[in-house]
Amino acid sequence: MPTFTNDEATEYDSRITRLVPGYDLLHSTTAAQLKATLGDHAHILIVGSGTGKEIAQLATLNPTWRFTAQDISIDMLNIGQQRFADMGISERVTIHVGDVATLTDPVDAAICLLVLHFLADNGDKKTMLKAISKQLKPQGQLYLGDLMRPETTFERDAQFILCQQLGLTEVGIERMKHNFEHEFFALDRMRLADLLNESGFNTAKLYFKALSFSGHVIQKR
Ligand SMILES: C[S@@+](CC[C@H](N)C(=O)[O-])C[C@H]1O[C@@H](n2cnc3c(N)ncnc32)[C@H](O)[C@@H]1O
């Protein structure tokens, strides 16, 4: 997994839109569903909140929502914290450095975008999903965005072509090919369904797809 520290944190916001086709759309389609489903006093957990993209967007959609920003990278969270201060929304955000499992305050919805694919399917993914399920109030929704296994033999190649069109250099493409092999643990649809079932969730509903990047909304059982 990338470390998401030092340069990997400071350069994150300028690089991510070249690495994830549809990055902004994934976030705005997620935010719109939260707006459509949650009341004014909702508390939303953002797992792997990074530099704060989700919270910055959601805070402007509803002025009374509260957030927990969870991550294991202090460098990413520090950038997010500065962003929240600049926006004047710090008092609505609780920052949590460390595991989801150590959180205690129940939440109305959870978002986990571009995080779970970095965890190995050796129990780590399931541990995180179970911890999220435990945090959610009954019938709460999880919005999960991840790199999935390719569904055709040409999906990955198309993804590299698209990233090049988005401005990724040749070196960046080579690094991405290497990372997809060695640093991502992409699931196929069947395995995702099994893991969700074992972690206390209902069937996933697909709401976003840009080649291998997929967004699913899943209700706690
Ligand atoms: C690709 S970034 C995504 C950030 C943000 N969600 C976004 O969409 O821009 C992945 C983030 O997940 C965090 N991360 C990795 N493993 C994690 C874990 N086990 N728990 C929480 N965050 C984790 C990284 O530190 C990083 O900030």
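Here is a short chat about a ligand and a salt bridge in a predicted model.

Reader: What should I know before we start?
Author: The model is predicted, so local features need pLDDT of at least 70, side-chain atom pairs count only at pLDDT 80 or more, and totals for chains, interfaces and linings use all residues. Residues are numbered from 1 along each chain as its sequence is written, and side-chain values use heavy atoms, leaving out hydrogens and water.

Reader: What makes the link between Y12 and the ligand a polar contact?
Author: A polar contact is a pair of N or O atoms within 3.5 Å. An N or O atom in the Y12 side chain is 2.7 Å from a ligand oxygen, so that pair fits. Y23 fits too, with a polar side-chain atom 2.5 Å from an oxygen of the ligand. For E54, the partner is a ligand nitrogen, 2.6 Å away.

Reader: How much of the ligand does the protein bury?
Author: Alone, the ligand exposes 600 Å², and the protein buries 95% of that (Shrake-Rupley method, 1.4 Å probe).

Reader: Why is the contact between R83 and D13 called a salt bridge?
Author: The term needs a side-chain nitrogen of Lys or Arg within 4 Å of a carboxyl oxygen of Asp or Glu. Here the N to O distance is 3.9 Å, so the pair qualifies. R83 sits in helix α5 (residues 74-87) and D13 in helix α2 (residues 12-19), 70 residues apart; helices here are DSSP runs (H or I, at least four residues).

Reader: How many salt bridges are there in the whole structure?
Author: The search finds seven.

Definitions and conventions: Polar contact = N/O pair within 3.5 Å; in protein donor to acceptor, adjacent residues only side chain to side chain. Helix = DSSP H or I, 4+ residues; strand = E, 2+ residues; numbered from the N terminus.
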